[in-house]
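These are my notebook entries on a structure that I am reading for the first time. I set down what I looked up, entry by entry.

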Amino acid sequence: MLKSTRLRHANRFRQIINALIRNGFGLFVQKIGLMDEVPGPRKWWTIQDQRVKSREERIRILLEELGPTFVKLGQIASTRNDIFPQPLIKELEKLQDHVTPFSYEEVEVVFEAEMGETVTDFFAEFDKEPLASASIGQVHKAKMKDGSDVAVKVQRPGIQRVIEADLDILHELAALADRHIDGAEHYRLPTLVKEFTKMIRRELDYTIEGRNADRIRKQTESSRNLYIPEVDWTCTTRKIMTMELIEGKNVSQMDTAELSKKRRKLIAETIAHSICRQIFIDGFYHADPHPGNVYVMKEDVVALLDFGMVGRLTPELRGSLASLVIGILRQNTDDIVKSLSKLGDGPIDLDVQGLKKDVDEFLHLYLNVPLHEIQFGEVINDLLALIGTYDIDVPHDVTLVAKSLVTVEAVVSELDQDLSIIEVVEPLGDELIREFMNPDYIFRRMRTYAMEYVDILRELPDTLKKSMTLIERGRLRHDINIPDAERLSLRIARIGNQLTLSILLLAVALVLGALILGITIGGTETTGWMALPILELGFIVFIVLFMWLMLSILRTRKR
């Protein structure tokens with residue numbers, strides 16, 4: 001598989017290996033066995049450029065140098081507090097897309113290939129200079145034939161081919177690192193790359209982003225101060241997306257000092273309530289609410305843009321998050337531990353008592369402050385990092401929640417430092433608990449469980465039949481793991497030896513007794529085989545067997 005990847009993407013593969021070595025990761029390349037991939041003098045390959053750059057900073061620079069695929073990977077990795085150390089997370093959060101816009105001529109080529117007609121035929125006006133440019137696409141302002149203003153996102157030519165090649169190489173590098181580097185299994189690199197692959201492929205399909213926007217608009221239609229722009233589906237494909245143009249400024253462009261305290265508070269509450277409600281109540285939310293994606297329109301209406309990255313939560317995960325919020329508010333260690341254990345898959349031998357102790361210390365260190373001073377996103381992030389040390393595998397959907405909350409808190413604090421996200425989340429937690437205690441919800445869950453048990457019972461005869469067939473053919477395999485099994489087996493062996501000795505002694509005693517009785521009854525005259533020294537021989541055999549068993553038992557005790 002690796003050989004075929006090298007052949008398909010030989011040039012890009014060499015570029016990545018050279019970039020790794022150039023940024024001081026020659027030792028990594030050597031450990032995963034790829035030094036032979038790049039010809040030339042080797043002595044400089046393992047010289048790592050330490051200078052004034054930390055390892056974390058060099059990783060960020062490497063990812064930026066390798067382009068959009070790796071920048072996106074780093075941004076996803078920055079949400080995994082449960083896997084990566086905090087210094088690396090902080091550095092990955094600085095990742096930026098350093099890209100130059102592509103030409104208007106290329107825009108025309110992509111548009112005509114997707115829509116079957118030219119830009120000038122479809123639009124009344126189309127600005128040749130982009131409003132914004134990113135690694136995957138760029139946005140142009142245009143006017144429809146009916147006079148409405150729209151924003152048209154056009155995908156960068158050839159970007160899908162580049163990303164697919166990089167994904168192939170990433171899968172191979174992750175597998176090699178997992179196989180050859182000690183401790184790499186803790187970072188679950190193949191799983192991380194698999195999650196990343198799924199997410200970036202969704203971002204490459206603009207129809208998915210359009211449907212995400214439609215869904216969130218429907219969820220938030222009752223909110224008076226929040227606006228989600230309409231998607232124009234007559235001009236939206238996998239590589240083209242057209243949306244209503246938003247007039248206003250994003251939060252990073254605003255001079256908050258010019259706004260009154262009342263206006264800042266209203267905008268901050270709208271942003272916080274919107275994102276938190278999407279997370280905890282709807283279970284489908286905007287997962288990248290950074291200042292550039294949050295616009296303020298007339299009358300302080302907040303608009304959300306860019307729905308390429310969204311989060312999804314199952315009802316079970318929402319319930320666990322609600323319980324976690326309640327546990328944090330009540331500072332209840334047992335509730336927090338139960339909620340955390342439900343958020344991910346933990347090992348069978350999870351040290352629950354150790355986890356409780358660490359959570360209890362965490363509560364004393366982090367939550368011994370007034371409620372409005374608690375940074376809720378940071379609390380969730382740190383708790384996820386804590387349970388990561390116990391090998392609890394947390395779904396990416398949960399770590400994305402923490403990342404989104406941290407981002408929202410940063411945006412909100414620029415507007416209103418007195419607003420606490422945890423105060424926004426508290427009533428939502430109570431609302432979630434009421435939702436899960438609702439008779440309709442309980443009935444639906446019971447019906448689901450009943451259907452699952454019906455399926456199990458229906459499949460039981462086939463399962464038993466297959467199991468019996470495997471047993472008859474001698475092909476049934478099973479592994480049993482019993483703690484202290486060796487010690488238990490030695491105790492059983494000692495008991496068995498002692499029991500054997502007792503039975504043997506009893507048997508010899510019975511035989512000797514019978515012989516003595518026979519000789520006594522038969523008189524003193526002995527003829528034939530009775531003339532042999534039976535008693536003496538029996539006694540000698542008895543002594544030999546007794547000594548052999550005693551030595552065997554002593555050897556067993558020493559083990």
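Entry 1: charges over rings. I began with Arg215, whose charged end sits over the ring of Phe284, 4.0 Å from its centre. I should record at once that the model is predicted. I then found that Arg58 has its charged end over the ring of Phe25, 5.0 Å from the ring centre.

Entry 2: the largest pocket. I looked up its volume, which is about 1600 Å³. The lining of this pocket comprises 48 residues, and the closest to the centre are Asp288, His290, Gly292, Asn293 and Asp306. I sorted the lining by class and noted 22 nonpolar, 15 polar and eleven charged residues. Which elements supply at least two residues each to this lining? I listed the helices α5 (68-77), α11 (206-219) and α17 (396-415), together with the strands β2 (132-133), β3 (137-143), β4 (149-155) and β6 (240-244). The most comes from α17, which gives five residues.

Entry 3: strands that contribute to that lining. I followed β3 and β4, which are both among the contributors. These two strands pair in the antiparallel sense over seven bridges. Within this pairing, Ala142 has Val150 of β4 as its bridge partner. I noted that β3 and β4 make a hairpin with five residues between them, and that Gly147 in the turn has a positive phi of about 95°. On its pairing with β6, I found that β4 runs antiparallel to that strand over five bridges. Here Ala151 has Met243 of β6 as its bridge partner. Is β4 mostly covered or mostly exposed? I found it mostly covered, with six of its seven residues buried.

Entry 4: the second largest pocket. I recorded about 1100 Å³ of space for it. Its lining has 36 residues, and those nearest the centre are Phe25, Phe28, Ile59, Phe84 and Leu189. Phe25 is thus one of the residues nearest the centre of this pocket, and its ring is also the one under the charged end of Arg58. By class, I noted 26 nonpolar, five polar and five charged residues in the lining. Among the elements that give two or more residues are α2 (10-22), α3 (26-31), α9 (159-180) and α10 (189-203). Which element gives the most? I found that α4 does, with seven residues.

Entry 5: cavities. I searched the whole structure and noted two cavities of 30 Å³ or more. The largest cavity holds about 40 Å³ of space. Its lining is formed by Arg80, Ile83, Arg188, Thr191, Leu192, Glu195, Asp393 and Val394. I counted these by class as three nonpolar, one polar and four charged. The second largest cavity holds about 30 Å³, and I listed Asn81, Gln86, Ile89, Lys90, Glu93, Glu378 and Asn381 as its lining. That lining has one nonpolar, three polar and three charged residues. Both α6 and α16 (376-388) supply at least two residues of it, and α6 gives the most, with three.

Entry 6: aromatic pairs. How many aromatic pairs does the whole structure hold? I found five. Tyr104 and Phe126 form a tilted pair, 6.0 Å centre to centre and with 45° between the planes. Because Tyr104 lies in helix α7 (residues 104-115) and Phe126 in strand β1 (residues 125-126), the pair ties together parts that are 22 residues apart in sequence. Both Tyr104 and Phe126 are buried. I then read the pair of Phe123 and Phe126, which is tilted as well, at 5.5 Å centre to centre and 45° between the planes. Both of these residues are buried. I noted that ring pairs link Tyr104, Phe111, Phe122, Phe123 and Phe126 into a cluster.

Entry 7: a four-stranded sheet. I looked up the strand order of an open sheet and found β5-β10-β9-β7, with mixed pairing. Why is one side of β5 (226-227) and of β7 (249-250) left without a neighbour in the sheet? Each of them stands at an edge with a single partner strand, so no strand of the sheet lies on that side. For β7, I noted that two bridges join it to β9 (residues 294-296) and that the two strands run antiparallel. In this pairing, Asn250 has Tyr295 of β9 as its bridge partner.

Note on methods. Residues numbered from 1 in each chain as written. Predicted model: local features only at pLDDT ≥ 70, side-chain atom pairs only at ≥ 80, totals over all residues. Heavy atoms only, no water. 1 Å grid on protein atoms, 1.4 Å probe; cavity = no way out; pocket = protein on both sides within 12 Å on 5 of 7 lines; lining within 4 Å. Points joined across faces, edges and corners; volume = space filled by probe spheres on them. Nonpolar A, V, L, I, M, F, W, Y, C, P; charged D, E, K, R; others polar. Buried < 20%, exposed > 50% of the residue type's maximum accessible area, 1.4 Å probe, protein only. Pairing = 2+ DSSP bridges. Phe/Tyr/Trp six-rings, centres within 6.5 Å; stacked < 30°, edge-to-face > 60°. Lys NZ or Arg CZ within 6 Å of the ring centre and 35° of its normal.
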